[in-house]
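The following exercises concern the contact between two protein chains. Each task is followed by a solution in steps.

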Amino acid sequence: MTLIVNGETLESSAATLSELLLVLEFEGEWLATAVNGELVHREDRRACRLSDGDRIEVLSPMQGG
Amino acid sequence: MLELYGTPVSSRLLLGTARYPSPAVLAQAVRRSGTKIVTVSLRRETAGGRNGGAFFELIRELGVRVLPNTAGCHSVSEAVLTAKMAREVFSTNWIKLEVIGHHDTLQPDVFGLVEAARILVGEGFEVFPYTTDDLVVAERLLDAGCEVLMPWCAPIGSAMGPQNLSALRAMRAHFPDVPLIVDAGIGRPSHAATVMELGYDAVLLNTAVAGAADPSAMAEAFAKAIEAGHAACHAGMLGPRDMAVPSTPVIGKAVFS
């Protein structure tokens, strides 16, 4: 299925959000995730099933003013 | 001591973490400024990347409290989602709420700001709204549940210093019990001292320190100016007079001719 991760379109067979993060080698307790504009808590990523066309955001800390 | 949402804060300087020449210089500036609160942000992580992790560790080591922002958000929904994601990452209910209304001036969209503030307060956030010096907007933000206000004094990063002193004065007079932090537009320590002399509770800076030739020295200069302005405000300053007033008493002066 086609997913949009941080604005990039990609093909993936990951069934859940946690699986997708693993495949794309996103790791770290500092990440925050959202699917289709809704926050997905760390503990809910395993249960978060992905569907074709889902928009996923993976954010991490950076410098800010 | 200054209290922000019930948290005592021993430094009246809040420091941004962006635009430093290196993480080491950032760390130096934070330490030398004596700040207890730094602002941070969130951005897209690259797949397989560890960019965020290094910064996260650096901030942890500095042992300061973080105030995440919603910089770059131009809509209510974007700002609200960013705030929630920031809470997930930084484990804090504090959020510096920015809803930007104009690309060139980075002026807050005050309508969106009030709406987003109301939503976030309802979700348990402690909102630090980046706002203008408009009193009506300030009232609305307080109605929405904000307990701190952060008016600009000039556009973000402009280094112009206070552009409307009477508006800042009016805001201080209207909200004597609300912590007021000047956020954005400060360029020099004298600007910071000026707003502190007006009775502002704190100053939030970034570019003025990060962009200085020697950021950590400038951080210290700002810390001193902020302390001086605060002390002066409470020491009771003289008002200006039109004519000279001799400082040396004239009574008893010798007459030689």
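**Exercise 1.** State how much area chain B and chain A bury between them, and which residues of chain B supply the most of its share.

*Solution.* In this predicted model, the two chains, B and A, bury about 2,500 Å² between them. Of this area, 60% lies on carbon and sulfur atoms. On the side of chain B, Arg44(B), Met85(B) and Glu88(B) supply 27% of the area buried against chain A, more than any other three residues. The contact as a whole takes 29 residues from chain B and 28 residues from chain A.

**Exercise 2.** Determine how many salt bridges link chain B and chain A, and test the pair Glu29(A) and Arg60(B) against the cut-off.

*Solution.* The count between the two chains is 2 salt bridges. A salt bridge requires a side-chain nitrogen of Lys or Arg within 4 Å of a carboxyl oxygen of Asp or Glu. For the side chains of Glu29(A) and Arg60(B), the N to O distance is 3.3 Å, and they meet in a salt bridge. Polar contacts are counted as well: 15 residue pairs between chain B and chain A, both residues at pLDDT 80 or more. By class, the side of chain B that touches chain A has 10 nonpolar, 10 polar and 9 charged residues.

**Exercise 3.** Describe how strand E5 of chain A is joined to E4(B).

*Solution.* Strand E5 of chain A covers residues 55-63. This strand and E4(B) run antiparallel and are joined by 5 bridges. Within E4(B), Ser41(B) is the bridge partner of Met62(A).

Notes:
Residues are numbered from 1 along each chain as its sequence is written. Chains are lettered from A and ligands numbered from 1 in the order in which they are written. This is a predicted model: local features need pLDDT of at least 70, side-chain atom pairs count only at pLDDT 80 or more; totals for chains, interfaces and linings use all residues. Side-chain values use heavy atoms; hydrogens and water are left out. Contact means heavy atoms within 4.5 Å. Buried area is the accessible area (1.4 Å probe) that two parts lose on being put together, summed over both. A polar contact is a pair of N or O atoms within 3.5 Å; within protein, one must be able to donate a hydrogen and the other to accept it, and residues adjacent in sequence count only if both atoms are side-chain atoms. Ala, Val, Leu, Ile, Met, Phe, Trp, Tyr, Cys and Pro count as nonpolar, Asp, Glu, Lys and Arg as charged, and the others, Gly among them, as polar. Two strands pair if DSSP finds at least two bridges between them. Helices (H or I, at least four residues) and strands (E, at least two) are DSSP runs, numbered from the N terminus.
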